[in-house]
Amino acid sequence: MHVFYTPDIQKSNELPEEEAQHCTRVLRLGIGDEITLTDGKGNFYKAEITVATNKRCFVTIKETIFQEPLWPCHLHIAMAPTKNMDRNEWFAEKATEIGFDELTFLNCRFSERKVIKTERIEKILVSAIKQSLKARLPKLNEMIEFNLFIRQEFKGQKFIAHCYEGEKPLLKNVLKPGEDALVLIGPEGDFSEEEVKKAIEQGFKPISLGKSRLRTETAALVACHTLNLQNQ
């Protein structure tokens, strides 16, 4: 089943240009064909194509289908992006398939990448919700300084995964299902000791993701999977 992302479908019955071209030029769908849409806000739509050209596609909505939330709380991953953009994109795709609600990129002391363009990541998130038949698009935030981010208000459980010595229970053993949760994942060189200290002062609890030493994007995906699985 092909799903098309139409965030403004409740205001306009025209597909976005990129989605329209994929529908009419690539898939060669035309007037009278039925397609499925999602607004990324929790709704699927059964629709019929009424106008189809190489660049434009209009539809009539036949049925609106509300998708109940697939987990009961808000799941947020905040990570330092890797130097290799392919790895950031891989994480965004796989985490969306698993299921989470929000992604923030952190600029940390040892970050290998200090700037990240979110446009490409946004497209990957959209593609992943369509592929995995999810009706909610994760929120993507611009990169933010670590020290500024940890001072922001967050109503829920707050965790930081790091590699330093000390008491660090497994995330799965301390996570409270049903409550909002935020996990911080550091760069390849880890958070600095000062960053860990400041995070703990702001209420973040140190946690472990297991005995294996994980790359940044793998650690972020393990955290995402743990949050999702514990909330099923």
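Biologist: How many residues of domain 1 are in contact with domain 2, and how many residues of domain 2 are on the other side?

Modeller: This is a predicted model, and in it 13 residues of domain 1 are in contact with nine residues of domain 2. Domain 1 covers residues 3–66 and domain 2 covers residues 75–230 of the protein chain, and the C-alpha centres of the two domains lie 33 Å apart.

Biologist: What area is buried between domain 1 and domain 2, and what share of it do carbon and sulfur atoms give?

Modeller: About 810 Å² is buried between domain 1 and domain 2, and carbon and sulfur atoms give 62% of that area. On the domain 1 side, V3, Y5 and F44 together supply 49% of the area that this domain buries against domain 2, which is more than any other three residues supply.

Biologist: OK, and the polar side: how many salt bridges and how many residue pairs in polar contact are there between the two domains?

Modeller: The count between domain 1 and domain 2 is one salt bridge, and across the interface there are four residue pairs in polar contact, where both residues have pLDDT 80 or more.

Biologist: Which elements give two or more residues to the side of domain 1 that touches domain 2?

Modeller: Those elements are β1 (3–5), α1 (17–26) and β3 (43–52). Of the elements on that side of domain 1, β1 gives the most, with three residues.

Biologist: Let's change topic to salt bridges in general. How many does the structure hold?

Modeller: The structure holds eight salt bridges. One of them is formed by R56 with E14, where the closest N and O atoms are 2.8 Å apart. This pair links distant parts of the chain, since R56 sits in the loop between β3 and β4 (57–66) while E14 sits in the loop between β1 and α1, 42 residues apart.

Biologist: Are R56 and E14 buried or exposed, or something in between?

Modeller: R56 counts as partly exposed, at 42% relative accessibility, and E14 also counts as partly exposed, at 25% relative accessibility.

Biologist: What about E19 and K130, how far apart are their closest N and O atoms?

Modeller: E19 forms a salt bridge with K130 in which the closest N and O atoms are 3.0 Å apart.

Biologist: And why does that pair tie together parts that are distant in sequence?

Modeller: E19 lies in helix α1 and K130 lies in helix α3 (residues 118–131), so the pair ties together parts that are 111 residues apart in sequence. E19 is buried, with a relative accessible area of 9%, and K130 is buried too, with a relative accessible area of 17%.

Biologist: Which residues are linked in a network of salt bridges?

Modeller: R87, E188 and E217 are linked in such a network. Within this group, E217 forms a salt bridge with R87, and the closest N and O atoms of that pair are 3.1 Å apart. E217 lies in helix α7 (residues 216–230) and R87 in helix α2 (residues 85–98), so this pair ties together parts that are 130 residues apart in sequence.

Biologist: Where do E217 and R87 stand, buried or exposed?

Modeller: E217 is buried, with a relative accessible area of 7%, and R87 is buried as well, with a relative accessible area of 15%.

Biologist: Going back to α1, what does T24 touch, leaving aside its neighbours within four places in sequence?

Modeller: T24 lies in helix α1, and with those neighbours left aside it is in contact with L29, A52, T53, N54, R56 and C57. At 12% relative accessibility T24 counts as buried, and a polar atom of the T24 side chain lies 2.8 Å from the backbone oxygen of T53.

Biologist: Last topic, the rings: how many aromatic pairs are there?

Modeller: The structure holds two aromatic pairs. One of them is formed by F146 and F191, and this pair is tilted, with 5.3 Å centre to centre and 45° between the planes. F146 lies in helix α4 (residues 146–149) and F191 in the loop between β10 (181–185) and α6 (193–201), so the pair ties together parts that are 45 residues apart in sequence.

Biologist: Are those two rings' residues, F146 and F191, buried or exposed?

Modeller: F146 is buried, with a relative accessible area of 1%, and F191 is buried, with a relative accessible area of 0%.

Technical notes. Residues are numbered from 1 along each chain as its sequence is written. This is a predicted model: local features need pLDDT of at least 70, side-chain atom pairs count only at pLDDT 80 or more; totals for chains, interfaces and linings use all residues. Side-chain values use heavy atoms; hydrogens and water are left out. Rings of Phe, Tyr and Trp (its six-membered ring) pair if their centres lie within 6.5 Å; planes under 30 degrees apart count as stacked, over 60 as edge-to-face and the rest as tilted. Helices (H or I, at least four residues) and strands (E, at least two) are DSSP runs, numbered from the N terminus. Buried means under 20% relative accessible area, exposed over 50%, partly exposed in between (1.4 Å probe, protein chains only). Domain bounds come from an automatic or database domain assignment. Contact means heavy atoms within 4.5 Å. Buried area is the accessible area (1.4 Å probe) that two parts lose on being put together, summed over both. A salt bridge is a side-chain nitrogen of Lys or Arg within 4 Å of a carboxyl oxygen of Asp or Glu. A polar contact is a pair of N or O atoms within 3.5 Å; within protein, one must be able to donate a hydrogen and the other to accept it, and residues adjacent in sequence count only if both atoms are side-chain atoms.
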